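Please look over the sequence and the predicted model shown here. A short report follows it.

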Amino acid sequence: MPPDCAFNGAQVMIPPWFTAQMARMADMKNPPMKWYADGRPASDPDICLRMWWEGMHDMPQAAVEAAVTYAIPRREWFPRPVELREDADVAAPRPAWREIEPEPLPESVVLGTLPTGARVVALSRYEAECPDCGDTGFAPAGERTVRRCGCWATNSVLIRKRESQRKYAEAKSR
Ligand SMILES: [Zn+2]
């Protein structure tokens with residue numbers, strides 16, 4: 001019996017969590033497959049969602065969930081992978097890279113002038129823990145490339161940043 005959906009092709013194993021996330025959008029216009037009202041697949045997701053899985057299989061579960069949460073109040077038509085990837089980018093949190101309060105300078109300091117003529121002024125001082133990478137975790141290696149900085153494992157700013165990203169991913173996957 002042909003599957004009850006528009007897509008055909010090689011069958012792949014799609015994890016149930018992915019199908020469940022897609023099911024949240026079942027009532028949008030033109031969904032790629034059918035679901036029962038309780039969210040159980042009424043078509044074969046391994047066939048019907050093949051393109052969605054192919055286009056999104058590298059995304060963490062939390063990112064897919066955030067993309068769907070973003071899409072539901074904003075989209076009318078069931079989004080394609082490219083649209084869900086855009087939604088994931090927009091929905092992604094901007095973690096606080098630096099939680100240290102910068103120290104205000106007694107007077108603003110002019111650092112230079114942009115080609116547009118605008119002056120760049122420093123109002124506060126931030127002392128990077130690592131002078132090699134400025135606490136970004138990446139240090140220059142040649143003219144056009146960067147390398148992971150040697151401080152990666154020990155820099156407390158980077159450790160806090162990774163910790164807050166991990167906490168966010170955990171909270172989202174609950
Ligand atoms: Zn560093």
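The report goes from the whole chain to two helices, then to a pair of strands.

**Overview**

This is a predicted model, in which local features need pLDDT of at least 70 and side-chain atom pairs count only at pLDDT 80 or more, while totals for chains, interfaces and linings use all residues. Residues are numbered from 1 along each chain as its sequence is written. The value pLDDT is the predictor's confidence in each residue, from 0 to 100. For the protein the mean pLDDT is 83, and 88% of the residues reach 70 or more.

The protein has six helices and four strands. Helices (H or I, at least four residues) and strands (E, at least two) are DSSP runs, numbered from the N terminus. Along the sequence their order is α-α-α-α-α-β-β-β-β-α. Among these elements, helix α1 (residues 16-23) has the highest mean pLDDT, 96, and β2 the lowest, 76. Where pLDDT is low, the predicted coordinates should not be read in detail.

A residue is called buried if 20 or more other C-beta atoms lie within 10 Å of its own, exposed if 12 or fewer, and partly exposed in between, with C-beta atoms placed from the backbone. Of the 174 residues in the protein, 18% are buried. Two residues are in contact if their C-beta atoms, placed from the backbone, lie within 7 Å. Of the contacts between residues at least 6 apart in sequence, 52% join residues at least 24 apart.

**Helices α1 and α4**

In α4 the buried residues are A63, V64, E65, A66, A67, V68 and A71. They pack against α1, α3 (50-56), α5 (81-91) and α6. In α1, T19, Q21, M22 and A23 are buried, and their cover includes α2 (45-48), α3 and α4.

Two packed helices are described by the angle between their axes and the distance between the axes. Axes are lines fitted to C-alpha atoms, for helices over the stretch in contact, and angles run from 0 to 180 degrees between N-to-C directions. For α4 (residues 61-71) and α6 (residues 156-173), the axes come within 9 Å and cross at roughly 60 degrees. On the α4 side the contact is made by Q61, A62, E65 and A66, and on the α6 side by A169, K172 and S173.

**Strands β1 and β2**

Strand β1 (residues 103-113) is hardly covered, as zero of its eleven residues are buried. It is joined to strand β2 (residues 119-125) by six bridges, and the two run antiparallel. Two strands pair if DSSP finds at least two bridges between them. V109 stands opposite A122 in β2. The hairpin of β1 and β2 has five residues between the strands, and G117 takes a positive phi near 100 degrees there.

**Two residues in detail**

Why is E65 counted as buried? It has 21 C-beta neighbours inside 10 Å, and therefore E65 counts as buried. L111 counts as exposed because it has 9 such neighbours inside 10 Å. The table lists C-alpha separations for each residue and one partner.

| Pair | Apart along the chain | C-alpha separation |
|---|---|---|
| E65 and L84 | 19 residues | 9.9 Å |
| L111 and V121 | ten residues | 5.6 Å |

Not counting residues up to four places away in sequence, E65, in helix α4, touches Q21, K172 and S173. With neighbours within four places left aside, L111, in strand β1, is in contact with V120, V121 and A122.
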